[in-house]
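Student: Could you take one part of this structure and look at it closely with me, beginning at a single residue and working outwards to what surrounds it? I would like the cut-offs spelled out as the terms come up.

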Amino acid sequence: MVTEPQVNKEGGTVGDVVDEVFWAPHANPRSVWGFIATYPIFIAAVYRRSVPLLAVTLLSIGANLVGVSPPETDEAWGTRVVLGEQVWLERGVLSETGTFGLTALGGLVNLYTLRAAVNQDFGRTVAGTIASVVFMFVFFDRMVTLYDREGSGEFDGSTGERIEPARSE
């Protein structure tokens, strides 16, 4: 059974709204690096049980997306990370050999890190944070490789969005 895409009140699909509100600004390298920098601060807020630091961290995540515009080109590494993620998600998370497993293992490391932070185990929190960031960068490298292989040259700098290639039938 084929379902039609959900349409929002303005006539665009829900996916169009997600692209405009999340993916397009997040493809800006400042957004990518901001999210990377936020992760250890988030873990520190949990470790210290600091509600103000946690609140500021979560607000900065939202401000990150509002405060940046879509990138003009796809030349920046961070931009290609996000565009590669879009390619990966569109193709299916099982489409790239090993990437889903890498993501799942990275997720488990993130859960380990959060648990260590909640338990205020300094050594495990630091080790988990470092391991999480390593997993993040390995995943990001795979996304850049995927985009460079299958998505480059299909970028609209005016919107910051990847353009789907025309399919011949």
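Tutor: A good place to begin is T99, which is found in helix α5; helices here are DSSP runs of H or I with at least four residues, while strands are runs of E with at least two, and both are numbered from the N terminus. Before going further, please keep in mind that this is a predicted model, in which local features need pLDDT of at least 70 and side-chain atom pairs count only at pLDDT 80 or more, whereas totals for chains, interfaces and linings use all residues. Residues are numbered from 1 along each chain as its sequence is written, and side-chain values use heavy atoms, with hydrogens and water left out.

T99 counts as buried because its relative accessibility is 1%, where buried means under 20% relative accessible area, exposed means over 50%, and partly exposed lies in between, using a 1.4 Å probe and protein chains only. Leaving aside neighbours within four places in sequence, T99 is in contact with W88, F139, R142 and M143, contact being defined as heavy atoms within 4.5 Å.

Two of these partners lead into the interior. W88 and F139, together with I36, V82, M136 and F140, touch the most other members of the largest nonpolar core, which has 21 residues; such a core is a set of buried Ala, Val, Leu, Ile, Met, Phe, Trp, Tyr and Cys residues joined through side-chain atoms within 4.5 Å. Helices α2 (29–48), α4, α5 (99–118) and α6 each supply at least two residues of this core, and the largest share, seven residues, comes from α6. A further example is I36, which touches M136, F137 and F140 when residues up to four places away in sequence are not counted.

W88 is also one of the buried residues of α4, a list that further includes V81, V82, L83 and V87, but also R80, E85 and Q86. This helix runs over residues 77–91, and its 15 residues reach 21 Å from the first C-alpha to the last, close to the 21 Å expected at 1.5 Å a residue; the expected span is taken as 1.5 Å times one less than the number of residues. Eleven of the 15 residues of α4 are buried, so that the helix is mostly covered. After α4 comes G92, whose phi is positive, near 110°.

The end of α4 also takes part in charged contacts. Side chains of opposite charge can pair when their charged atoms come close. The structure holds six salt bridges, each being a side-chain nitrogen of Lys or Arg within 4 Å of a carboxyl oxygen of Asp or Glu. R91 forms one with E96, where the closest N and O atoms are 2.9 Å apart. R91 is partly exposed because its relative accessible area is 37%, whereas E96 is buried because its value is 15%.

R91 also meets E150 in a salt bridge of 3.1 Å, N to O, and this pair links distant parts of the chain, with R91 in helix α4 and E150 in helix α6, 59 residues apart. E150 counts as partly exposed because its relative accessibility is 35%. E96 in turn forms a salt bridge with R149, the closest N and O atoms being 2.8 Å apart, and here too the pair links distant parts of the chain, since E96 lies in the loop between α4 and α5 and R149 in helix α6, 53 residues apart. R149 is partly exposed because its relative accessible area is 48%. Taken together, R91, E96, R149 and E150 are linked in a network of salt bridges.

Another residue of helix α6 is D148, which counts as partly exposed because its relative accessibility is 36%. D148 and L83 are 65 residues apart in sequence and 9.5 Å apart in space, C-alpha to C-alpha.

The outward side of α6 completes the view. F122 belongs to helix α6 (residues 122–150) and counts as exposed because its relative accessibility is 55%. F122, V126, I130, V134 and V138 form a nonpolar patch on the surface, with about 450 Å² of accessible area together. Accessible areas come from the Shrake-Rupley method with a 1.4 Å probe, and for residues only the protein chains shown count as cover. Patches are made of residues with over 30% relative accessible area and no salt bridge, like charges being joined within 9 Å and nonpolar side chains (Val, Leu, Ile, Met, Phe, Trp, Tyr) within 5 Å.
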